[in-house]
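Me: I am new to this structure and would like to go through it step by step, with the reasoning spelled out. Could we begin once it is in view?

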Protein chains: 2
Amino acid sequence: MGQMTTLKDISAELGLSVATVSRALNGFPEVNARTRDRVTDAAKRLGYRPNRVAQRLVTGRSGMVGMIVKLKADMTADQTFFDVITGLTAALAARDVDLVLAVDQHADPTVAYERMLERNVVDGFILNAPVPDDARVAFLQERAIPFVVHGQTATEVDYPFYGIDNRAVSADAVGFLTALGHRRVALLNGDVRWSYAADRLSGFRDAMAEAGCPVPDAFISTERPSESYGYTAALAMLSGRAGPRPTAMICGSTLIAAGVLQAARDLSLSVPADLSVVAHDDALPQLRAIAFDPALTVTRSPLRDACKPLADALIDHIGGAPAKGLQTLVRAELIVRNSTAPVPDTGVSRWPST
Amino acid sequence: MGQMTTLKDISAELGLSVATVSRALNGFPEVNARTRDRVTDAAKRLGYRPNRVAQRLVTGRSGMVGMIVKLKADMTADQTFFDVITGLTAALAARDVDLVLAVDQHADPTVAYERMLERNVVDGFILNAPVPDDARVAFLQERAIPFVVHGQTATEVDYPFYGIDNRAVSADAVGFLTALGHRRVALLNGDVRWSYAADRLSGFRDAMAEAGCPVPDAFISTERPSESYGYTAALAMLSGRAGPRPTAMICGSTLIAAGVLQAARDLSLSVPADLSVVAHDDALPQLRAIAFDPALTVTRSPLRDACKPLADALIDHIGGAPAKGLQTLVRAELIVRNSTAPVPDTGVSRWPST
DNA sequence: AGAGCATATCAAAACGTTTTGAAATCTTGA
DNA sequence: TCAAGATTTCAAAACGTTTTGATATGCTCT
């Protein structure tokens, strides 16, 4: 089958040396303008495509980065996963890098990385869903493998990351709600084993404390985000068996909020008149916060926004750029819609107790 | 940072030539047993890992295969996607091959393949979700790039594939239902743009014709599988506005079946007394047919089963094995549970018309 | 005309492997 | 003991690039 045309072919065709052809194609300044034209012309004419493998052999880079996703029994990742992969591969492709994907089914999170490194085919990794004191971070740092973390809050680290300020997410939501007079605010958080949820929780506690609002234990729940979790948790909190009910809820995701709204509906509670709801919105196409009824007030930071910065940070870091300049912590945007309102007059919700 | 140890390092250490070391490690027969031991020993001791890039440069193979998933606005792929990726990467890894993933957002399905080929980093492709006369197939065949198709019905082709016999899926379901006396059977199919659904449809029509059962147009619907599709389609069919109602339904997926069961419940119809339901079951962990109420009668062929044969077929094909021996068409298993029963006595459903 | 310098090109080394063809060593049989 | 053969090892080429160090060519200034 059709042999690839190589630098040698071009050099033979033009009576030049391979070195000059290489330089001409790579835009080195010392090659004569006319020669460069002849070379680029011949390259196009002969359909030259550089052999990446050869390039990589000499540059020592593979031009691929790895990503290893954890297979969870529940597969919650899926919703966000596809979206992230899409943006990521696009951003990587723009810089001529490919993504090698593996799924980890192992208990020890590092073995999958070890395996991929062993096959020594990737220049670096994209780490997602970090946990506090992530074992993978230690593993990769020890081996001096470049990586970038998606979703990171601690800023005092020496590797690149892109994340949202999750403490601020909670603080902003709390600040907004307390300004509306709410004092009994509940948090329907994600699973605190993940850093993002842990940070939201601590941000929530601190902000509530600062606002002088006590937070009963019953007002905080943490679980993997799902609609049914939102539904049952909200139902439990709103039943008011364990003291006064919350007048506002902060949801870890729009999915949870969907369950909360359903629960409110089933209890004949009006949102926002009886209950204010704020959710964090990753801007997934399937769950458009603006399409909720009522339209959700959210702290918003599109997941897709992370992809390009992540890809670029990793590639730059592999290229030798120091981590310090490749750390981004964005502040989520508070978007006020119709699911929030001032606290009901009495301060105690007005519906009959169940 | 720590230089990789190379063949040269080992050869220097042992006073052997690089060639011998290479041979020893690759199990060539002509190397002395003692020398081989010394080499493997030194390799382990020095932590030798072959440089894949160099290997590839000389062998011309990359040891990676590509998969390009189509980004659909609705993202229905997700459910099955994660499962497939998991099995696939595991099966590939077992043969020391990695998976390069890209997401295609382009209208022309071939451009993403073109792009990946251009970067010339994969030895072959796994094609999923084939359509009749798939443009990607023509594209890859023209360039003599190895590939394997996941989900294939036409058997008269000269490339490897692994698929289930979708015409038989329908035929088996129809055969089972007609044996129970059903004659008014409806098909809630997937989107017939995909081969699998097109085949299910033709298999359904043929089997029904053979059984001597007419099929009114209203008994056939095709749409992207979802619970709500199952719900609304079933509701429409069971309302009976356009003639007598079906006594049995064949669903393209368990997801659709979930909607059908809900519709039956809302109409106070008993499954299976009033309506028999058969679904095709891909055995996704999230939607366990046995956990339905009533437990679903299904044609079952676990999606995961396809992964290892697919990976192996592709790798063998890349290795030069002819396509003919790498084509598998499995017959789905009919599993009878509680969602099917003999047709009601009258032959006309006994519930009051709406 | 020759030194000095910038410009443009080249040949060769390097990357780390596999593979080829030849050479060295050992074994066997007469 | 020697030729023939088998066994084991080796040096070198090859894969297609990038990069290094050297060389050729032209120009400017004295």
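Reply: A definition comes first: a polar contact is a pair of N or O atoms within 3.5 Å. Please keep in mind throughout that this is a predicted model.

Me: With that cut-off, how far is the side chain of A:Asn26 from a phosphate oxygen of DNA strand D?
Reply: The cut-off for a polar contact is 3.5 Å between N or O atoms. An N or O atom in the side chain of A:Asn26 and a phosphate oxygen of DNA strand D meet this limit, and the distance between them is 3.2 Å.

Me: Which residue has a side-chain N or O atom 2.8 Å from a phosphate oxygen of DNA strand D?
Reply: A:Asn51 also approaches a phosphate oxygen of this strand, at 3.2 Å, but there a backbone N or O atom is involved. The side-chain atom at 2.8 Å from a phosphate oxygen of DNA strand D belongs to B:Thr35.

Me: Which element gives the largest share of the surface near DNA strand D?
Reply: The elements that give two or more residues to this surface are helix 2 (18-25) and helix 4 (52-59) of chain A, together with helix 2 (18-25) and helix 4 (52-59) of chain B. By class, the surface near DNA strand D holds 13 nonpolar, ten polar and four charged residues. The largest share, four residues, comes from helix 4 of chain A.

Me: What percentage of the atoms of DNA strand D within 4 Å of the protein belong to sugar or phosphate?
Reply: The strand is surrounded by 27 residues, and the closest are A:Leu7, A:Ser22, A:Arg23, B:Ser17 and B:Thr35. Of the strand's atoms within 4 Å of the protein, some belong to bases, while the part that belongs to sugar or phosphate is 66%.

Me: How many residues surround DNA strand C, and what share of its atoms within 4 Å of the protein do sugar and phosphate account for?
Reply: DNA strand C is surrounded by 26 residues, the closest being A:Ser17, B:Leu7, B:Ser22, B:Arg23 and B:Tyr48. Of the atoms of DNA strand C that come within 4 Å of the protein, the share of sugar and phosphate is 69%.

Me: Which residue has a side-chain N or O atom 3.1 Å from a base oxygen of DNA strand C?
Reply: Phosphate oxygens of DNA strand C lie 3.2 Å from a backbone N or O atom of A:Asn32 and 3.2 Å from a side-chain N or O atom of B:Asn26. The side chain with an N or O atom 3.1 Å from a base oxygen is that of B:Arg23.

Me: Which element gives the largest share of the surface near DNA strand C?
Reply: This surface has twelve nonpolar, ten polar and four charged residues. Its largest share, four residues, is given by helix 4 of chain B.

Me: What area is buried between chain A and chain B?
Reply: The contact takes 41 residues from chain A and 41 residues from chain B. Carbon and sulfur atoms give 63% of the buried area, which is about 3800 Å².

Me: Which three residues supply 19% of the area that chain A buries against chain B?
Reply: Across this interface the rule finds zero salt bridges, whereas four residue pairs are in polar contact. The three residues that supply 19% of the area chain A buries, more than any other three, are A:Val53, A:Phe82 and A:Arg119.

Me: Which residue stands opposite A:Val100?
Reply: Strand 2 of chain A and strand 2 (residues 98-104) of chain B run antiparallel and are joined by two bridges. Opposite A:Val100, in strand 2 of chain B, stands B:Val100.

Me: Which residue forms a salt bridge with A:Arg95?
Reply: Side chains of opposite charge can pair when their charged atoms come close. Here the closest N and O atoms are 3.0 Å apart, and the partner of A:Arg95 is A:Asp316.

Me: How many residues apart are A:Arg95 and A:Asp316?
Reply: A:Arg95 is in the loop between helix 5 and strand 2 of chain A, and A:Asp316 is in helix 12 (residues 307-318) of chain A. The pair links distant parts of the chain, and its separation is 221 residues.

Me: Which residue follows A:Asp293 across a cis peptide bond?
Reply: Most peptide bonds are trans. The bond from A:Asp293 is cis, with omega near 0 degrees. The residue that follows is in the loop between strand 9 (276-281) and strand 10 (297-300) of chain A, and its name is A:Pro294.

Methods: Residues numbered from 1 in each chain as written. Chains lettered and ligands numbered in written order. Predicted model: local features only at pLDDT ≥ 70, side-chain atom pairs only at ≥ 80, totals over all residues. Heavy atoms only, no water. Near = heavy atom within 4 Å. Polar contact = N/O pair within 3.5 Å; in protein donor to acceptor, adjacent residues only side chain to side chain. Nonpolar A, V, L, I, M, F, W, Y, C, P; charged D, E, K, R; others polar. Contact = heavy atoms within 4.5 Å. Buried area = accessible area lost by both parts, 1.4 Å probe. Salt bridge = Lys/Arg side-chain N within 4 Å of Asp/Glu carboxyl O. Pairing = 2+ DSSP bridges.
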